[in-house]
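Please read the following report alongside the sequence and the coordinates. It is written for a reader who wants the cut-offs stated with the results.

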Amino acid sequence: MRVRTRTVVAGGVVLVLLAVVGVLVLVRRIGGELRLPLASRTCTVQADGRVVLDADQMANAATIAAIGAQQGMPERAVVVALSTAYQESGLRNLPDGDRDSLGLFQQRPSQGWGTPQQIRDPRYAARRFYTALKKVRGWERMRITDAAQRVQRSAFPEAYQKWADESEVLSRALLGDVTGAVACTVAGNPVMRGEEAAAALTRNLALDWGVAGAVPAELTGLTLAASDQRNGWRYAHWLVSHAQDHGVKRVRFGGLEWTARDGGWSEVTGDPQTGDRVVAEVFADG
């Protein structure tokens, strides 16, 4: 009886070990896909690579990229900023962190980054990051992780590099280098609708991009002049990135249209646009 019990126990241990090994192999094979939470991923970015994010992460990434462009920073600076936010917060505006760290970049009030309220503002946090990056002599020629480390002074200085590929994909799309690259679905009810959504889009486009030309269209959306294709796709991708939190239902530019229902871009036949306007429609009230 005792021998049989030992045999059963030994067999159980072997099965557990085999299961653990199987899990480890699986994690090693798809580890890159497990870096961020898997739930509620609603946005896919295709730009010489593929990145999948949820609505909050996508909106934060779009704002980080827009603030960099508004400050006249080159695309590599946006890659550095996105890689840093990926590592520090998973592109989430965290309410806390190590010691007194806060926000997208886990900046610390005690280290002079600003007040807690300021740091929790994604625009403020991004501006402070870019301002600090500008002060790093020769950052443009550094590896992504080295430039980020000179700003952050992390205990894990090599950690930022693993996000460089994802950040390059996001930068290409969000800075307008690729057409129809950001595709998001709107899950459930959007945060805003109607007049509130149109006003918020107009206001936040001005805050993120520094543009003041967005015109509300009869309280159902807005139109925005684009000086060229690249700027047009910057604005169009920003609008799609903020679809969930701003109630965007439809975006049209350059002969393509994105809809919240389908979550992707398709060609528009007989498009009356001249190609120099981005048009967005929001969900109606009710």
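The report goes from the overall content to helix packing, then to a sheet, and then to single residues.

This is a predicted model, in which local features need pLDDT of at least 70 and side-chain atom pairs count only at pLDDT 80 or more, while totals for chains, interfaces and linings use all residues. Residues are numbered from 1 along each chain as its sequence is written, and side-chain values use heavy atoms, with hydrogens and water left out.

## Overall content

The secondary structure of the protein comes to 10 helices and nine strands, where helices (H or I, at least four residues) and strands (E, at least two) are DSSP runs numbered from the N terminus. Of the 286 residues in the protein, 47% are buried; buried means under 20% relative accessible area, exposed means over 50%, and partly exposed lies in between, with a 1.4 Å probe and protein chains only. Contact means heavy atoms within 4.5 Å, and among contacts between residues at least 6 apart in sequence, 62% join residues at least 24 apart.

## Packing of helix α2

Helix α2 (residues 55-70) packs with α5 and also with helix α9 (residues 229-241), as the table sets out. The axes are lines fitted to C-alpha atoms, for helices over the stretch in contact, and the angles run from 0 to 180 degrees between N-to-C directions.

| Helix pair | Angle | Axis separation |
|---|---|---|
| α2 and α5 | about 50 degrees | 9 Å |
| α2 and α9 | about 150 degrees | 8 Å |

Angles under 35 degrees count as roughly parallel, over 145 as roughly antiparallel, 65 to 115 as roughly perpendicular and the rest as oblique. The pair α2 and α9 is therefore roughly antiparallel, whereas α2 and α5 are oblique to each other. The crossing of α2 past α5 is right-handed, while that of α2 past α9 is left-handed; a crossing is left-handed if the near helix is turned anticlockwise from the far one by less than a right angle, and right-handed if clockwise.

On the α2 side, the contact with α5 is made by Asn60, Thr63, Ile64, Ala65, Ile67 and Gly68, which meet Pro122, Arg123, Ala126, Arg127 and Tyr130 of α5. By class, this contact of α2 with α5 has six nonpolar, three polar and two charged residues, where Ala, Val, Leu, Ile, Met, Phe, Trp, Tyr, Cys and Pro count as nonpolar, Asp, Glu, Lys and Arg as charged, and the others, Gly among them, as polar. Towards α9, the α2 residues Ala55, Met58, Ala59, Ala62, Thr63, Ala66 and Ala69 meet Arg234, Trp238 and Ser241, and the contact of α2 with α9 has seven nonpolar, two polar and one charged residues.

Asn60, which has its place in helix α2, counts as buried because its relative accessibility is 12%. Not counting residues up to four places away in sequence, Asn60 touches Leu91, Arg92, Asn93, Leu104 and Pro122.

## Helix α6 and the loop before it

Helix α6 is mostly covered, with seven of its nine residues buried, namely Ile144, Thr145, Ala147, Ala148, Gln149, Val151 and Gln152. What covers these buried residues includes α3 (75-89), α5 and α7 (164-174). Arg137 lies in the loop between α5 (122-134) and α6 (144-152), and at 78% relative accessibility Arg137 counts as exposed. The C-alpha atoms of Arg137 and Arg150 are separated by 9.7 Å, with the two residues 13 apart along the chain.

## Strand β9 and its partners

In a regular strand the side chains alternate between the two faces of the sheet. Along strand β9 (residues 277-282), Val278, Ala280 and Val282 point to one face and are buried, while Arg277, Val279 and Glu281 point to the other and are not. Two strands pair if DSSP finds at least two bridges between them. Strand β5 (residues 221-225) runs antiparallel to β9 and is joined to it by five bridges, with Thr223 having Val279 as its bridge partner in β9. Strand β6 (residues 248-253) is also antiparallel to β9, through four bridges, and there Val251 has Ala280 as its bridge partner.

## Positive phi values

Most residues other than glycine have a negative phi, and most peptide bonds are trans. Arg99 and Gln106 have positive phi values, near 55 degrees for Arg99 and near 50 degrees for Gln106. Arg99 lies in the loop between α3 and α4 (116-119), and the place of Gln106 is in the loop between α3 and α4 as well. Their accessibilities fall in opposite classes, since Arg99 is exposed at 66% and Gln106 is buried at 12%. Just after α6, Arg153 takes a positive phi of about 55 degrees.
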